[in-house]
Amino acid sequence: MTREKLFEQILQKKSYLCIGLDTDPKRLPEHLMDAEDPVFEFNRQIIEATADLCVAYKPNIAFYEAQGPKGWVSLEKTLEVIPEEIFTIADAKRGDIGNTSELYARAFFETMNFNAVTVAPYMGSDSVKPFLVQPGRWVILLALTSNPGSQDFQMLKLSDGNEEYLFEQVLRESANWASVGQMMYVVGATQAEYIERVRAIVPNHFLLVPGVGAQGGSLEEISRLGMNQQCGLLINSSRAIIYASSGRDFADRAREAALEVQKEMEQYLEQYVMHL
């Protein structure tokens, strides 16, 4: 999945929606519990209902790891039914050094065939670079997250008097580790007031933006402040779409929720992306 192919898909679908497959067995519709693999069956129906409206799916790996071996089976089967042209993100938030990172990279890129994996940068370049040696694969670096605890470290001011935050130094340094066709950044939607500062440092990178929907982030504000000439945004929505209903109509309601987001995105693409 190249940057150009991702942008082509965005233009074709008039969407930059990423759907988070954060599938919690405790929240599945009751009628699915008799299925051989309820988590996979839920994901399969969500994918069939929304694949023409989104450009990426992002399973949060914790939801599958927590189930033990059967969770990994559900995840593998889920990946098999995602159309080939759709970008797949392992939201794993890995980050370690040396051989450990190499093995994480092999797990998600070779064994499971994800296009991208989320990685924490705070152990430095040698914890990230093993993920960057795989051709055609992406690292999505945690830069500025939407959780309240992001204030603890990411928003610390540096001591050299330049008034930069720590997250800005992470952006500035890590941008040298890979091209714009290999690296993206996570920037939380609830941190919209900092999007302009992010774009000043990484104007051409894609940003993966969680926090729109159930967490209250503004799609309009993020789009206005964060788009570049190749869109440059993947907006993630998880709970607001996949749990739009807990009944037998869950897939239909998920499609309706995704369609509403896609229609709004179409407006912003026409307004802000010069290629349209």
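Buried here means under 20% relative accessible area, exposed means over 50%, and partly exposed is whatever falls in between, with a 1.4 Å probe and protein chains only. By that yardstick Asn 113 is partly exposed, as its relative accessible area is 48%. The model is a predicted one, so to speak of a local feature takes pLDDT of at least 70 and a side-chain atom pair counts only at pLDDT 80 or more, whereas totals for chains, interfaces and linings use all residues. Residues are numbered from 1 along each chain as its sequence is written, and side-chain values use heavy atoms, with hydrogens and water left out.

On to the overall picture. The chain has 11 helices and 8 strands, both being DSSP runs numbered from the N terminus (H or I and at least four residues for helices, E and at least two for strands). Its radius of gyration is 18 Å, which agrees with the value near 19 Å for a compact globule of 276 residues; the radius is taken over C-alpha atoms, and the globule rule is 2.2 Å times the number of residues to the power 0.38. Along the principal axes, the C-alpha atoms fill a box of roughly 60 × 45 × 35 Å. Of the 276 residues, 55% count as buried.

Contacts (heavy atoms within 4.5 Å) say something about the fold too: among those with a separation of 6 or more, 73% come from residues 24 or more positions apart. The surface that the chain exposes is about 12200 Å², with carbon and sulfur atoms supplying 48% of it; such areas come from the Shrake-Rupley method with a 1.4 Å probe, and for residues only the protein chains shown count as cover. As for charge, there are 25 positive and 38 negative side chains, and the centres of the two sets lie 1 Å apart. Lys and Arg count as positive, Asp and Glu as negative, while His and the chain ends are not counted; each charge is placed at NZ of Lys, CZ of Arg, CG of Asp or CD of Glu.

Next, the cysteines. The structure holds 0 disulfides, a disulfide being a pair of cysteine sulfur atoms within 2.5 Å. Cys 18 is in none, and the nearest cysteine sulfur to its own, that of Cys 54, is 7.5 Å away. Cys 231 is likewise in no disulfide, with the sulfur of Cys 18 as the nearest at 12 Å. Cys 18 counts as buried, at 0% relative accessibility, and Cys 231 is buried with a relative accessible area of 0%.

Two loop residues other than glycine have positive phi. For Lys 14 the angle is near 50°; this residue lies in the loop between α1 (3-13) and β1 (17-20), and is partly exposed at 34%. For Asn 113 phi is near 65°, and its place is the loop between α5 (98-111) and β4 (116-119).

Finally, two residues with partners far along the sequence. Val 81 belongs to helix α4 (residues 69-81) and counts as partly exposed at 32%. Neighbours within four places aside, Val 81 contacts Phe 40 and Ile 47; Ile 47 is 34 residues away in sequence, yet 7.8 Å away in space, C-alpha to C-alpha. His 205, in the loop between α8 (195-201) and β7 (206-209), is buried at 6%. Not counting residues up to four places away, His 205 touches several residues, including Ala 175, Met 183, Tyr 185, Arg 199 and Gly 232. Between His 205 and Gly 232 the C-alpha distance is 6.2 Å, across 27 residues of sequence.
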